[in-house]
Amino acid sequence: MGSYIIEGPKATQKKIVKADAYVAACDVPGIKRLVPPQWRESEFFDNIYKLVGVPVVTVQLRYNSWVTELQDLERSRCVLTPGGPYMPLPNDEIINRVSRQVLALFPSSQGLEVTWSSVVKIGQSLYREAPGKDPFRPDQKTPVKNFFLAGSYTKQDYIDIMEGATLLGRQTFAYICGAGEELVSLRKKLLDIESEEYAEAAAGIMDELSLV
């Protein structure tokens with residue numbers, strides 16, 4: 001058991017959460033914001049700051065009829081990564097390029113019209129698999145006994161695909177299960193510390209009352 005500050009949708013909204021174990025399922029920029037600065041004294045956490053995220057562009061298109069190769073869906077979603085070449089382009093140009101790709105890949109889209117579209121650009125998101133960066137990728141288990149990681153930047157064989165996400169979940173779960181006895185022991189120690197602090201605080205209050 002321990003405590004961790006969870007930030008809400010607004011910068012001013014924070015909530016302290018207590019749990020036996022914590023899993024940080026973040027992208028590269030997210031974990032860099034989450035890790036306390038003092039943890040960077042550990043090489044394990046400091047190595048994370050040597051990793052970078054890759055730009056990603058998500059494009060959604062809605063057509064006026066079904067694109068049957070997409071299992072009768074009239075809406076398609078495309079993730080462009082690495083999205084660096086697309087980032088400076090205007091949204092209309094990105095939509096035109098993706099629309100041409102849809103026409104080439106899905107014959108049933110011929111003659112259909114795009115009735116709605118959306119483009120979302122994220123400057124840093126997925127882990128950039130650059131040469132020499134692999135040794136800096138951390139395991140899901142960290143030096144902090146009850147703090148675990150999940151994210152494409154952690155060590156696993158499949159980068160940013162559903163197979164990788166599934167494997168990550170299994171690996172993280174296995175680490176947590178393997179640390180069961182250690183987590184129970186840690187919980188007892190923290191409870192003892194909290195009990196001692198409570199007793200000291202209560203004694204201080206009684207001393208103050210006795211002086212009144």
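## Strand β3, a buried threonine and the salt bridges

Start with strand β3, residues 22-25: Tyr-22 and Ala-24 make up its covered face, while Val-23 and Ala-25 sit on the uncovered one. Keep in mind that this is a predicted model. The neighbour of β3 is strand β7 (residues 147-150), and the two pair in the parallel sense over 4 bridges. Which residue of β7 is the bridge partner of Tyr-22? That would be Phe-147.

Now zoom out for a moment. The chain has 5 helices and 7 strands, and along the sequence they follow the pattern β-β-β-α-α-β-β-α-β-β-α-α. There are 212 residues in the chain, and 28% of them count as buried. If you take the contacts with a separation of 6 or more, 62% of them come from residues 24 or more positions apart. About 13600 Å² of the chain is exposed, with carbon and sulfur atoms supplying 56% of that area.

**A threonine by β7**

Back to β7, and to the loop that runs between β6 (114-127) and β7, where you'll find Thr-142. Is Thr-142 buried or exposed? It counts as buried, because its relative accessibility is 6% and the cut-off for buried is under 20%. Its side chain also has backbone oxygens to talk to. One belongs to Val-144, which the Thr-142 side chain reaches at 3.0 Å. Another is the backbone oxygen of Phe-147, 2.6 Å from a polar atom of the Thr-142 side chain. Phe-147 is, again, the residue bridged to Tyr-22 of β3. Leaving aside residues up to four places away in sequence, Thr-142 touches Phe-44, Phe-45, Phe-147, Phe-148 and Leu-149.

**Charged pairs**

Side chains of opposite charge can pair when their charged atoms come close. Here the count comes to 6 salt bridges, including the ones in this table.

| Salt bridge | N to O distance |
|---|---|
| Asp-20 and Arg-187 | 3.6 Å |
| Lys-50 and Asp-46 | 3.3 Å |
| Glu-93 and Arg-97 | 2.9 Å |

Take the Asp-20 and Arg-187 salt bridge. Asp-20 is in the loop between β2 (14-19) and β3, and Arg-187 is in helix α5 (residues 180-210), so this pair ties together parts that lie 167 residues apart in sequence. Asp-20 is partly exposed at 33% relative accessible area, and Arg-187 is partly exposed too, at 39%.

Glu-93 and Arg-97 are a more local affair: they are 4 residues apart in helix α3 (residues 91-105), which means about one helical turn separates them. Glu-93 counts as partly exposed at 26% relative accessibility, as does Arg-97 at 33%.

As for Lys-50 and Asp-46, their salt bridge belongs to a network that links Arg-40, Asp-46 and Lys-50. Lys-50 has a relative accessible area of 32%, making it partly exposed, and Asp-46 is partly exposed at 23%.

**And the cysteines?**

A disulfide is a covalent bond between the sulfur atoms of two cysteines. How many disulfides does a search of the whole structure find? The answer is 0. Cys-26 counts as partly exposed, with 21% relative accessibility. Cys-177 is partly exposed as well, with a relative accessible area of 48%.

Definitions and conventions: Residues are numbered from 1 along each chain as its sequence is written. This is a predicted model: local features need pLDDT of at least 70, side-chain atom pairs count only at pLDDT 80 or more; totals for chains, interfaces and linings use all residues. Side-chain values use heavy atoms; hydrogens and water are left out. A disulfide is a pair of cysteine sulfur atoms within 2.5 Å. Buried means under 20% relative accessible area, exposed over 50%, partly exposed in between (1.4 Å probe, protein chains only). Two strands pair if DSSP finds at least two bridges between them. Contact means heavy atoms within 4.5 Å. Accessible areas come from the Shrake-Rupley method with a 1.4 Å probe; for residues, only the protein chains shown count as cover. A polar contact is a pair of N or O atoms within 3.5 Å; within protein, one must be able to donate a hydrogen and the other to accept it, and residues adjacent in sequence count only if both atoms are side-chain atoms. A salt bridge is a side-chain nitrogen of Lys or Arg within 4 Å of a carboxyl oxygen of Asp or Glu.
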